[in-house]
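Reader: I am in my first year and still learning how to read a structure of this kind. Could you choose a single part, look at it closely, and then lead me from there, step by step, to whatever surrounds it?

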Amino acid sequence: MSTTNYEVAGMTCGHCVSSVTTEITKLPGVQSVDIALVHDGTSRVVVSSDAELSLDDVRAAVDEAGYELVGESA
């Protein structure tokens, strides 16, 4: 099991959280997505998955939801 923290900019509401969660959950191996929403700031997204995810894949999922991945930390 791998857990990674990401920073996502641009989310402001529950709909934003839902959109990002839906797109990241589509990635193979993702078990859970937990988002600490920061209105008009950088929100923390914690993703648990079977194996480490490609940063490019996570970035593409966040982009698809309409937001910007601005950082990653282990």
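Author: Let us begin at Pro-28, which has its place in the loop between α1 and β2, and please keep in mind throughout that what you are looking at is a predicted model. Pro-28 has a relative accessible area of 70% and is therefore exposed, since the cut-off for that word is over 50%. The C-alpha atom of Pro-28 is separated by 11 Å from that of Val-58, although these positions lie 30 residues apart along the chain if you count from one to the other.

From this loop we can step back into the helix on one side of it. Helix α1 covers residues 14-25, and Ser-19 is found there. With a relative accessible area of 17%, Ser-19 counts as buried, because the limit for that term is under 20%. Once its neighbours within four places in sequence are set aside, Ser-19 is in contact with Ala-65 and Tyr-67. A helix residue with a charged partner is worth a look as well: the side chain of Glu-23 forms a salt bridge with that of Lys-26, at 3.3 Å from N to O. Side chains of opposite charge can pair in this manner when their charged atoms come close. The two partners differ in how much of them can be reached, for Glu-23 is buried at 17% relative accessibility, whereas Lys-26 is exposed at 57%. The count of salt bridges for the structure is 1.

The helix also points us to the sheet, since α1 lies across β2 and β3 and runs at about 160° to β2. Which strands make up this sheet, and in what order do they stand? There are 4 of them, arranged in the order β2-β3-β1-β4, and they form an open sheet in which the pairing is antiparallel. At the edges stand β2 and β4 (68-73), each of which pairs on one side only, and from one strand to the next the twist averages 25°. The other helix, α2, lies across β1 and β4 and runs at about 145° to β4.

On the far side of our loop from the helix comes β2, which is joined to β3 by antiparallel pairing over 6 bridges. In the hairpin of these two strands there are 5 residues between them, and one of these, Asp-40, takes a positive phi near 55°. On its other side, β3 pairs with β1, again in the antiparallel sense, over 8 bridges. Val-45 shows both pairings in one residue, being the bridge partner of Ile-35 and also of Tyr-6.

Is β3 largely enclosed or largely open to the outside? It is largely enclosed by the rest of the structure, because 6 of its 8 residues are buried. Ser-43 belongs to this strand and, at 1% relative accessibility, counts as buried. Its bridge partner is Val-8, and a polar atom of the Ser-43 side chain lies 3.0 Å from the backbone nitrogen of Val-38. Beyond four places in sequence, the residues that Ser-43 touches include Tyr-6, Met-11, Ile-35 and Leu-37.

In strand β1 we find Thr-4, which is buried at 7% relative accessibility. Its C-alpha atom is 5.4 Å from that of Val-47, though the two residues are 43 apart along the chain. Apart from residues up to four places away in sequence, Thr-4 touches Val-45, Val-46, Val-47, Glu-72 and Ser-73.

Finally, we can ask which residues hold the most contacts inside the largest nonpolar core. This core has 20 residues, and those with the most contacts inside it are Met-11, Val-20, Ile-24, Val-45, Val-62 and Tyr-67. At least two of its residues come from each of β1 (2-9), α1, β2 (30-36), β3 (42-49) and α2 (55-65). Among the residues that Val-62 touches, leaving out those up to four places away in sequence, are Val-8, Val-20, Ile-24, Tyr-67 and Leu-69. In this way the path that started at an exposed proline, Pro-28, has brought us to the core, to which α1 and β2, the elements on either side of its loop, both supply residues.

Definitions and conventions:
Residues numbered from 1 in each chain as written. Predicted model: local features only at pLDDT ≥ 70, side-chain atom pairs only at ≥ 80, totals over all residues. Heavy atoms only, no water. Buried < 20%, exposed > 50% of the residue type's maximum accessible area, 1.4 Å probe, protein only. Contact = heavy atoms within 4.5 Å. Core = buried A, V, L, I, M, F, W, Y, C linked by side-chain atoms within 4.5 Å. Pairing = 2+ DSSP bridges. Axes fitted to C-alpha atoms, helices over the stretch in contact; angles between N-to-C directions. Salt bridge = Lys/Arg side-chain N within 4 Å of Asp/Glu carboxyl O. Polar contact = N/O pair within 3.5 Å; in protein donor to acceptor, adjacent residues only side chain to side chain.
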